Structure formats: C-alpha cells, structure tokens
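Hi everyone, thanks for coming. Let me walk you through a structure that may be new to you, so have a look at it with me.

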Amino acid sequence: MPPLLQVSDLQTSFFTFGGTRVVKAVDGVSFSLHAGETLGLVGESGCGKTTTCLSLVGLLPPAARIVGGRIDFVGEDLTQKPPGEMRHIRGRDIAMILQDPMASLNPLFSIYTQVAEPAYYHQGLRGRSLRQRVQELLRAVRIPSPELRMRDYPHQMSGGMRQRIVGAIALAGGPKLIIADEPTTNLDVTIQAQYLDLLKDIQQETGVAIIFVTHNLGIVARMCDKLAVMYAGKLVEQGAVRDLFNAPKHPYTKALLGSIPKLGSKEPLYAIPGQPPNLANLPAGCAFHPRCAYAMPRCTTHEPRELRFGTDWTVRCWLVDQADKEPYGSATA
Amino acid sequence: MVSTTAPTVSPPVEAARGLPRWLRLVRAWPLLPMLILVPLILVALCADVIAPYDPIQPVPGAKIYAPPFWMPGGSMHALLGTDFQGRDILSRLLFGARVSLIVGVMGTLVAGSLGAALGILAGYLGGWVDQVIMRVTDAWLALPALVFAIFLATMLGPSMWNIIIILGLVYWTRYARVIRGEVLSLREREFVKLAEIAGARRWRVIRRHILPNVLNTTMILASLTIGVVIIAEASLSFLGVGVPPPQPAWGSMLAEARSTLMAGKWWLTVWPGLCILLVVLATQLFGDWLRVRLDPQLRNL
Amino acid sequence: MAAPLLEVQGLQKYFPVHMGLFLRRQIAWVKAVDGVDFAIAPGETLGLIGESGCGKTTTSKLILLQEQPTAGTIRFDGEDIFTLQGQGLLRYRREVQVVFQDPYSSLSPRMRVGDIIAEPLEIHTTLSRHALQERVAHVLELVGLQPDVAPLFPHEFSGGQRQRIAIARALATNTRLIVLDEPVSALDVSIRAQIMNQLEHLQQTLGVSYLFIGHDLATVAHISHRIAVMYLGQIAELADSLELCAHPLHPYTQALFTAALPSHPDEKRQKLALSGEVPSALNPPSGCRFHPRCPHAMPHCAHEAPVPKEVAPQHTVACHLY
C-alpha cells in the first residue's frame with residue numbers, strides 16, 4: 001500500500017537580516033507515513049521539528065521557504081501547490097493541534113462556532129446537519145453534554161477540555177493526517193493520559209495518521225509506531241519504535257534514551273555533555289560530534305550519509321557506516 | 001545496507017548575499033537625527049567662535065530689517081538678514097541654539113529624574129505611598145501644562161535656570177505614570193523575588209534590580225520629551241516669560257518678529273521657526289530609533 | 001528522624017474571595033493548603049508532587065515567607081519561622097534559598113553573573129571584594145561552570161547554564177535548604193540530566209537539603225529520598241521514594257502511576273481508571289477530597305475526611321481503605 005505521506009529530502013531555510021543570513025532549519029529530511037500510523041518526531045528545541053511540520057502544511061513564516069525536496073501527500077506534491085490550494089488541504093485533509101489551547105481558540109466565539117467552521121467550509125454542512133456534526137465531534141472527544149457545552153466559550157472550560165475542543169476542530173474536516181505539536185505539554189499528568197488515550201481511540205476509529213511532535217520519549221513509547229529523531233535540522237535516526245528503544249543505533253538516540261529517569265529506578269542518568277547546537281553556527285562534519293561519546297576523526301570533517309537497514313530503519317552516523325565492510329544479507333533499496 | 005545519499009564533505013558556509021558591509025553599518029545608525037543634532041550640538045558649543053557677530057549688538061554698518069543675502073537689499077555681511085535692532089539673525093540663531101539645547105536637555109533631566117524617582121517609589125513600595133503619589137500625579141496632570149508653567153514663571157521670575165526647574169516640575173508626570181507601570185510588572189519578575197527571598201532590603205532591590213531595568217524606558221521617554229520641552233521653552237519665551245531679553249532664544253525671536261510677519265519680513269520668523277522644527281523632529285526621530293533598538297516590546301509606546 | 005531541618009505542621013493557607021461592588025463581602029475561601037504535615041532531614045531530598053491546584057506552589061511560598069499562613073507552623077532548626085525577626089530572620093534568609101522554573105527570568109538581566117551570585121553574600125556578610133570573588137569562583141566550579149564566566153551577562157548563556165547560575169546563587173551562602181520549584185521542566189531533555197546529576201552531586205558534597213517540587217513522577221522519584229503526593233491542598237501519601245514506586249497505596253497515587261508515561265513501548269499499562277478533572281479549591285468535596293473521582297470510593301468517604309495513618313514504616317496514607 002502506498003504511503004499516505006512521503007517526504008523526500010525536504011529542505012527549508014530561513015532568510016533573515018534582509019537576506020544576508022541563511023539558516024537551514026530543515027536539511028534533507030525524508031520519512032513516510034501510512035494511514036492509521038503514528039510517527040513520533042522527536043528532538044530538542046531548535047532541531048527543526050516544528051519547521052518541518054509547518055513546511056508540510058504550508059504555514060511557514062514569511063522569512064522561511066522550502067528550498068528543496070518533495071512532500072507527496074495522497075499522490076500530490078505539496079511543495080508545488082499554490083497557497084490557495086493549500087488552504088483547501090489544510091483543515092480538510094491535514095489538521096494541526098498546537099501546544100497552547102488558549103492560543104488556539106478564539107476567546108470571542110462560542111465552541112459551536114469554532115468546531116463548526118471546518119465542517120462548514122470543507123464539507124459544506126449547514127443548519128441541522130451541521131449542528132449534529134458538531135455534537136458528534138464533541139462526543140468523539142468525550143465532552144460531556146455536548147448539546148449544552150457547545151454554547152459555552154473557551155474561558156469557561158478547563159485546559160484539558162480546551163485541548164479536546166482543539167482536537168474536535170481538527171477532526172471536523174475529516175482529515176487524513178493530524179499533526180500534533182506538543183499538545184500535552186501544558187496539561188496535568190492525569191489529563192495528559194486521558195488525552196493520549198482519546199487520541200489513540202480516535203485513530204483506531206477513523207484510521208487517521210498522526211505525526212506527534214514532542215521532546216518526551218515517554219509519549220513516543222506510549223503512542224507511536226514509528227520514531228524519527230531530529231538533530232540540527234537532520235533526521236539522525238528513524239524506524240519502528242520498538243527497534244529504536246531496544247537497540248538504538250545512533251549515539252544521540254542512545255543518549256536520549258539513557259538520560260530519561262525511569263520510574264522506580266535510581267540508576268544514574270546519562271547526561272549528554274554540551275549544549276544543543278545553534279543552527280546558524282553548526283560545527284563542521286556531523287553536527288552532533290562535539291557531544292558524542294563515540295566521535296571519530298571522520299565525524300569532524302564529513303557529514304555522515306543516510307544508511308538504510310531493512311525497510312524502515314535509517315541512520316546517519318559514521319559509527320554504523322562501515323562502507324568497507326560487506327553489506328548485510330538481502331537489503332532492499 | 002544501502003546508502004541513500006552520496007557522501008559529502010561539509011559545504012562551506014553559505015556566502016551571505018545582500019548589502020555591502022558599509023551600507024549595513026550606515027543603516028544601523030539614526031542618520032537623519034544625527035545629521036541635524038550633531039551639527040547643532042557643535043554649534044551650540046562653539047557659538048562664541050563661529051558666530052560672525054555679537055548677538056546682542058547691532059551689526060556695525062548694516063541696515064535694520066535687512067533681508068537674507070540672496071534677496072535684493074541683502075548683503076553678505078548679514079547672511080540671514082537682520083532684525084528690528086539691526087542684530088544679525090544668524091548669530092542670534094547660533095546662540096539661541098545654546099539656550100534651546102540647555103533648557104531642553106536639563107529640563108528633561110529634571111523632569112525625568114523626578115518622575116522616575118516617584119514612579120519607582122509608587123510602583124515598588126505600593127500601599128499608601130503609591131496612592132498618594134498617584135493622586136498627586138493625577139491632580140498635576142489636570143493642570144494645563146503651559147498655563148501652569150506661565151504661572152510658575154511669573155511667580156519665580158524669568159531666568160534660564162528658573163525655566164529649567166519649572167519645565168521639570170511641569171513635565172515629570174508622564175514619566176511617573178509609565179515608570180510606575182514598568183515597576184509594577186518588574187516587581188513580579190522572578191529575579192526581584194529572588195533578591196527579596198535572599199533577604200535584600202527594599203532600597204537594595206530598588207537600586208540594583210529595579211533601577212537598571214527602567215533606565216531603558218526612561219531614556220526612550222526622555223528622548224521623546226526633549227522635543228516637547230524645547231517647544232515649551234519656545235512658547236514661554238514667545239509669551240515673554242521665558243529666557244529674558246536681550247539673550248537670544250528662538251521663541252523670543254519669534255515673539256519679537258510677530259508683528260512684522262504680515263509686513264513681508266519673513267526671515268525674522270521663518271529661520272527661528274525652522275530651527276525649532278528641525279530640532280524637535282530630530283529628537284523625536286532619535287527617540288523612535290532608540291525605542292526600536294533598545295526594547296522591541298516598547299514599540300507601541 | 002533525628003532533629004529535622006524543616007518541620008511543617010498543620011499548615012493551612014486560605015485565600016479570601018470577595019464579592020460585591022461597594023462593601024466587598026467575603027463570601028468564600030480558596031483553601032489552597034489545608035492541613036499539611038511533613039519534615040525534611042538535613043541532607044535529604046523531599047519530593048513534592050501533584051497536579052495544578054494541589055497547593056505545592058503555595059506551600060513553597062509559605063516556606064519562603066512570601067505568604068503568611070492561616071494556621072499551622074513551620075519550624076526551621078526548631079524555631080517558628082513566622083515569628084522570626086531581626087538576626088533570626090536574616091539567618092533564615094541566608095540558609096533557605098530557592099531556584100525557580102524559568103531560567104530566563106530568574107537572573108537580573110542588567111547584572112553580571114558574578115554580581116548575581118555574590119548578592120546574597122553582600123547582603124549577609126561583610127566579605128572583602130577579593131573574598132567575594134573567590135567565593136563566587138568556588139561556587140561556579142561547584143555547579144560545573146568556569147570561574148571566568150563571572151563578568152558575563154545572563155543573556156550570553158543558554159537555559160541550562162542559567163539554571164546552573166541560579167543554583168550557584170542559591171548555594172553562595174552556607175545554604176542548608178533549597179526549594180527547587182520545577183527546576184528542570186523548562187529545560188531541554190538532554191540538559192535535564194546534566195542538572196539533575198549536578199544537584200545530586202552537590203547534595204552529596206555539601207549536605208544541603210532539597211524540597212523538589214515537580215509534576216513528572218519519574219523525575220521527582222529519581223532525585224528524592226521521600227515523596228509527598230499532594231491533592232487539593234492536602235497530602236494524600238508520603239513515603240520513601242522506592243517504596244512509593246513499589247507500593248503506591250492511595251488511589252490518587254495509583255492513578256498518577258497509571259497515568260505516568262512508560263519508558264518503553266512494551267511496558268504494560270492499565271487503562272486510567274480516573275475520570276473527570278481536579279475540582280476547584282474554592283469548594284472542595286466534603287469528606288475525603290478525592291472521593292468523587294476515586295474508583296474505590298466507599299459511602300463514608302463522602303462524610304468523613306481520612307486522617308493520615310502510618311501503615312508501614314515511614315509510609316503514611318490518608319485514605320479510608322487503610
């Protein structure tokens with residue numbers, strides 16, 4: 001089955017100071033996603049994960065532009081689409097859930113108005129059928145008494161409920177792909193758990209694909225089928241979640257997994273030395289080498305190439321790239 | 001395993017396109033304001049040396065009401081013309097610059113210091129101190145500025161230093177209001193709370209944490225109000241309660257020449273008026289530039 | 001335990017709520033902290049965990065003397081901190097410091113780092129300039145920074161480094177207790193481990209105690225010796241960290257563990273049995289505050305508030321199930 005979304009060598013750059021400074025926020029990112037799958041896009045601040053998502057939906061700030069690569073969504077290349085067509089795709093086929101629900105909801109409009117909007121524009125519903133659709137959506141995100149609550153305003157609801165409303169708005173257009181950018185960061189732990197359960201259930205019911213952008217590997221362990229790790233604008237490792245958690249190949253992935261405290265264990269944490277890099281001032285060679293426990297001389301001068309293991313697992317690292325050795329069994333291209 | 005991309009050596013840092021270096025440096029400076037203010041300051045400092053004639057003595061050998069040199073009847077001896085006493089307009093302008101600048105800067109300094117001090121006390125100490133200061137500010141603001149200044153001037157008597165103090169007393173309120181607002185939000189910032197938790201006394205917190213962080217706003221406000229103060233001084237001089245004659249001040253030059261405007265002797269009013277315009281424009285533009293540079297959050301000030 | 005460093009007993013903080021236009025009548029109380037007891041020993045880390053509205057921030061404010069309690073006492077070295085004055089108060093301020101969550105607003109932007117760290121010393125001691133510089137250099141090294149960064153300004157540092165500076169500042173005087181209010185929540189994942197390790201190392205070297213407030217169970221459990229779980233202004237459960245992770249007794253604690261994110265995709269998780277949201281502290285439920293959401297609620301949970309009981313050594317629970 002062809003993938004729902006296929007991103008190939010995506011490159012997005014920021015042009016600042018009148019065009020004198022160019023920063024490559026996304027530098028050659030490739031991944032694919034099938035319907036019903038959840039991809040976890042993991043990385044720290046400044047690694048380019050949010051820019052990648054904004055590139056997908058065509059919502060880059062004026063200073064940024066896609067400068068290379070393809071985004072194939074349901075067979076069409078989104079990088080070639082004019083803004084007018086992207087507006088139709090956004091909301092109908094691709095929806096976004098952002099971090100701060102209070103910022104995502106308009107305080108002046110009722111819940112009904114906001115949830116109905118995508119259904120109104122993208123599905124052309126009106127009147128009674130629109131009302132029914134809104135109640136259906138509110139029920140899908142488990143808002144109690146939707147007929148009553150849809151008359152409420154955002155400030156009358158708690159943080160967890162607002163984030164569910166945002167979820168309902170995202171679902172209203174009937175999307176094939178939902179991009180969730182750190183949607184639970186501001187929520188309490190138990191509310192977060194309820195919300196993640198909800199997302200999982202919705203995915204099972206509707207078959208929607210989800211890209212979950214986060215820096216929290218716990219969420220990835222709970223929610224995701226695939227994991228893609230970004231560092232300094234590049235995908236350093238991606239593959240099935242179990243593979244990466246059990247036997248990560250890239251030192252950064254290993255280090256991230258080792259730095260998280262595990263419940264009930266007092267094992268010392270592995271602290272990655274140094275700071276996340278400044279995209280405007282990247283080190284030569286592999287961007288991670290100053291902080292890598294396994295750095296070799298080659299890492300300081302040459303950027304590692306992307307290697308594939310099996311069907312889905314790719315890594316960018318000289319440690320695993322033994323070009324002079326025999327290739328593994330029957331690896332497919 | 002199969003490589004999906006060709007191996008690459010790190011590419012060189014992308015060469016920055018765009019403006020040449022010297023142009024970028026030039027754009028960083030507030031050119032227009034500096035073009036006006038720097039010569040003005042130099043002139044005010046060196047008026048004694050530059051001015052062709054003594055501003056309070058008539059030009060020897062020149063007519064009264066002589067027009068500027070390019071008009072018929074004008075001469076190269078008095079480049080911009082002479083006034084009703086035969087005094088050289090140019091020299092009077094140059095010396096008048098001194099008055100405007102000194103009064104403008106010092107007046108702003110007095111207003112700024114007084115206003116900022118009261119604003120900080122009101123904002124940080126709160127309680128009844130805040131109430132008292134704010135009510136006083138409100139009452140003060142209710143007084144029409146210029147009328148109040150005239151009243152004080154007639155009470156205290158005309159002299160340059162009196163004018164400076166008067167203008168300071170009239171214009172401190174805008175500082176107090178704005179600075180108090182800043183301090184109210186600063187007070188809740190964590191580093192201030194940390195200082196309090198560490199046991200710092202209030203005076204220490206004000207001195208080391210509050211004051212340095214309101215200096216930005218104060219400077220921006222100051223640069224924006226210099227223009228107002230200069231115009232106020234000119235107005236006072238115009239009305240006859242400013243810097244006393246025969247000391248030249250642009251405002252009093254305007255006043256003296258008021259009656260002659262309709263008689264066609266435009267050079268007596270246009271030159272001092274133009275000077276006032278340019279100085280106020282320059283300070284306002286400078287204040288704008290300062291605001292954008294120092295604190296993006298204040299862009300809506 | 002042997003003479004605790006900090007002892008909190010029966011702490012209560014109610015905030016009045018006013019209504020009415022002219023004569024503002026007080027109609028209700030927000031019971032932010034309603035009967036909290038715990039103690040911290042020297043050199044120990046007590047973790048305080050709970051969700052929004054549980055009262056952990058208010059508790060920390062009370063400890064830092066930023067609020068006055070409605071009832072209850074807090075003793076430091078045996079002395080009631082709310083009656084301290086003069087020299088005693090100064091001593092308390094010297095020995096108890098705080099590190100806040102946001103590294104970007106904790107440091108005074110117009111002061112040099114060296115001056116920021118030296119400030120508590122300047123307030124409490126009369127050290128010479130030279131001695132101050134030495135102490136600042138010493139403390140900077142303790143937190144893993146180079147002493148020569150002292151002349152720099154905060155904006156030249158990253159978030160993790162700023163947090164280290166904040167910790168250095170908290171250690172400058174001979175601090176005995178540091179209240180850490182979500183110190184790593186705003187930091188990148190890779191930096192968190194650095195700071196956590198640094199904090200542990202500092203505790204081993206200097207014997208300083210921590211009150212570690214957080215919302216992430218794994219993080220709090222990792223660094224704390226004992227953990228107090230708070231819900232709506234009260235302590236639901238207090239136990240040794242490993243003991244709590246092995247045997248969470250209070251239904252709310254169990255819910256927190258169920259809700260906690262796994263560290264591996266294959267970790268078995270039960271479905272969260274907890275429904276609804278945290279009620280407001282304005283009108284807390286009667287009896288046991290957790291009863292409306294508790295999967296094990298019994299009839300008399302709604303009428304009678306449970307009293308904390310020590311059901312195992314050093315393991316206290318406030319629940320009618322025990």
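In chain A, 47% of the 333 residues count as buried. Please keep in mind as we go that this is a predicted model. Chain A is built from eleven helices and 13 strands. Its radius of gyration is 21 Å, and the globule rule gives 20 Å for 333 residues, so chain A is as compact as a globular protein of that length. If you turn the C-alpha trace of chain A along its principal axes, the spans are about 70 × 50 × 45 Å. Now think about who touches whom within the chain. Among contacts in chain A with a separation of 6 or more, 64% join residues that are 24 or more positions apart.

How far does the confidence go? For chain A the average pLDDT is 88, and 96% of the residues score at least 70. The stretch to watch is residues 324–333 of chain A, where the pLDDT is below 50. Beyond near neighbours in sequence, that stretch has seven contacts in the model. As a general caution, predicted coordinates should not be read in detail where pLDDT is low.

Let's move over to chain C and its strands. Which order do the eight strands of the open sheet follow in chain C? Reading across, we get β6-β7-β8-β3-β9-β10-β12-β11, and the pairing is mixed. At the edges stand β6 (96–99) and β11 (309–312) of chain C; each has a single partner strand, so one side of each is left without a neighbour in the sheet. From one strand to the next, the twist averages 25°.

Now zoom in on one pair inside this sheet. Strands β7 (residues 177–181) and β8 (residues 209–214) of chain C run parallel and are joined by five bridges. Here C:Val179 stands opposite C:Leu211 in β8(C). Packed on the sheet is helix α1 (residues 56–63) of chain C, which touches β3 (45–49), β7, β8 and β9 (226–231) of chain C. The direction of α1 in chain C makes about 150° with that of β8(C).

There is another set of strands in chain C to look at. Strand β1 (residues 6–19) of chain C runs antiparallel to β4 (residues 71–76) of chain C, with five bridges between them. One place to find this pairing is C:Gln9, which stands opposite C:Thr73 in β4(C). Then β4(C) pairs with β5 (residues 79–80) of chain C, again in the antiparallel sense, over two bridges. In that pairing C:Phe76 has C:Glu79 in β5(C) as its bridge partner. The hairpin has two residues between the strands, and C:Asp77 takes a positive phi near 55° there.

Last stop: the chains together. How many residues does each chain bring to the contact between chain C and chain A? Chain C gives 34 and chain A gives 37. On the chain C side, α6 (189–206), α7 (217–223), α8 (241–246) and α9 (251–259) each supply at least two residues. The largest share, seven residues, comes from α6(C). By class, that side of chain C has 18 nonpolar, eleven polar and five charged residues.

Chain C also touches chain B, with 19 residues from chain C and 13 from chain B. On the chain C side, α2 (86–95), β6 and α3 (113–124) each supply at least two residues, and α3(C) gives the most, with four. The classes on this side are nine nonpolar, five polar and five charged residues.

Thanks for listening!

Technical notes
Residues are numbered from 1 along each chain as its sequence is written. Chains are lettered from A and ligands numbered from 1 in the order in which they are written. This is a predicted model: local features need pLDDT of at least 70, side-chain atom pairs count only at pLDDT 80 or more; totals for chains, interfaces and linings use all residues. Two residues are in contact if their C-beta atoms, placed from the backbone, lie within 7 Å. Ala, Val, Leu, Ile, Met, Phe, Trp, Tyr, Cys and Pro count as nonpolar, Asp, Glu, Lys and Arg as charged, and the others, Gly among them, as polar. The radius of gyration is taken over C-alpha atoms; the globule rule is 2.2 Å times the number of residues to the power 0.38. A residue is buried if 20 or more other C-beta atoms lie within 10 Å of its own, exposed if 12 or fewer, and partly exposed in between; C-beta atoms are placed from the backbone. Two strands pair if DSSP finds at least two bridges between them. Axes are lines fitted to C-alpha atoms, for helices over the stretch in contact, and angles run from 0 to 180 degrees between N-to-C directions. pLDDT is the predictor's confidence in each residue, from 0 to 100.
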